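Me: I want to learn how to read a ligand site and some helix packing. Please take me through one case.

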Amino acid sequence: MTDYYREGAERAAGVRQLFSKIARRYDCVNDIQSLGFHRLWKHRMITMLNLPSEGVVLDLACGSGDLALLFARQQSPLRILGGDYTFEMLRVAKLRSLGWSVPPGWIHLDALSLPFRNSSFDAVAMAYGLRNMADPPRALREIWRVLKPGSSLALLDFGKPAQPWIRQSYYFFLRTIQPFLGSLFFRDAKTYRYIYESLMRYPAREGVKKLLLESGFSNVECEDLCLGTMSLHIARK
Ligand SMILES: C[S@@+](CC[C@H](N)C(=O)[O-])C[C@H]1O[C@@H](n2cnc3c(N)ncnc32)[C@H](O)[C@@H]1O
């Protein structure tokens with residue numbers, strides 16, 4: 001068991017500790033781990049979300065702000081807000097948007113208790129956030145609450161490939177090779193074993209689809225990316 005995956009009331013503290021620690025290297029590691037593919041998947045997310053031409057979009061668990069910055073680059077009249085509960089990650093996001101003519105707004109928040117009125121947003125996107133939350137069903141109910149009727153949520157996260165040999169090789173990679181690389185480059189195997197630990201407890205794919213439906217969403221679609229190692233869900237309020 002890692003130091004960062006903790007059960008129950010300690011879950012949120014462990015996650016915050018992990019992201020506070022890796023905030024400054026987060027973008028670099030993301031590019032190395034995914035060989036840059038996470039950028040393509042995030043573009044795909046935006047395409048699938050079918051953004052409205054105006055209104056307010058929330059990038060939830062925005063981390064260093066990748067999605068919010070992608071939205072802001074669309075140069076539409078959309079207003080973009082990025083929210084996260086790790087100050088160090090938000091600090092990186094703010095730095096990245098310094099000098100932008102219309103930067104996203106950045107806000108410190110907890111996805112389990114969103115500080116917004118009902119029906120505030122025209123779209124919500126969350127990449128690699130839900131798996132890290134202490135109470136994913138509660139986060140989804142909160143997102144449903146703050147979305148306007150008829151608007152959509154896009155979720156991107158690690159998946160669980162349906163093909164057994166792909167799934168087993170992928171789990172082997174996450175369980176052993178990734179922590180080995182973490183210890184080699186950063187002298188830190190525990191952080192890089194966290195993805196495996198959190199994925200094993202994450203419903204992923206059909207499980208997330210079920211949670212979305214139970215939270216009130218409809219028209220739930222799930223797209224497998226990269227042989228099912230990533231899953232993209234689109235759901236409508
Ligand atoms: C793996 S990072 C994803 C960052 C970014 N969305 C991306 O795709 O690069 C996960 C983020 O979720 C945030 N997070 C976890 N639980 C949260 C919660 N309850 N409320 C807000 N943010 C949360 C963490 O602080 C961290 O920045």
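**Ligand site and helix packing**

Reply: Start with one contact: a polar side-chain atom of Tyr26 sits 2.9 Å from an oxygen atom of the ligand. A polar contact is a pair of N or O atoms within 3.5 Å; within protein, one must be able to donate a hydrogen and the other to accept it, and residues adjacent in sequence count only if both atoms are side-chain atoms. The model is predicted, so local features need pLDDT of at least 70, side-chain atom pairs count only at pLDDT 80 or more, and totals for chains, interfaces and linings use all residues. Residues are numbered from 1 along each chain as its sequence is written, and side-chain values use heavy atoms, with hydrogens and water left out.

Me: Which residues have a polar atom 2.9 Å from a nitrogen atom of the ligand?

Reply: Asp110 does, through a side-chain atom. Ala127 does too, through a backbone atom. As for burial, the ligand alone exposes 600 Å², and the protein buries 97% of that (Shrake-Rupley method, 1.4 Å probe; for residues, only the protein chains shown count as cover).

Me: How many residues are around the ligand, and which come nearest?

Reply: A residue is near if one of its heavy atoms lies within 4 Å. Here there are 19, with Tyr26, Ala61, Asp84, Thr86 and Ala127 nearest. Helices α1 (11-22) and α2 (26-34) each supply at least two shell residues. Helices are DSSP runs (H or I, at least four residues), numbered from the N terminus.

Me: At what angle do α7 and α8 pack?

Reply: Axes are lines fitted to C-alpha atoms, for helices over the stretch in contact; angles run from 0 to 180 degrees between N-to-C directions. Under 35 degrees is roughly parallel, over 145 roughly antiparallel, 65 to 115 roughly perpendicular, and the rest oblique. Helix α7 (residues 164-186) and α8 pack at about 160 degrees, axes 6 Å apart. So α7 is roughly antiparallel to α8.

Me: What about α1 and α8?

Reply: Helix α8 (residues 189-200) packs with α1 at about 140 degrees, axes 11 Å apart. That makes α1 oblique to α8.

Me: And α3 with α4?

Reply: The axes of α3 (residues 37-49) and α4 (residues 66-73) come within 11 Å and cross at roughly 55 degrees. They are therefore oblique to each other.
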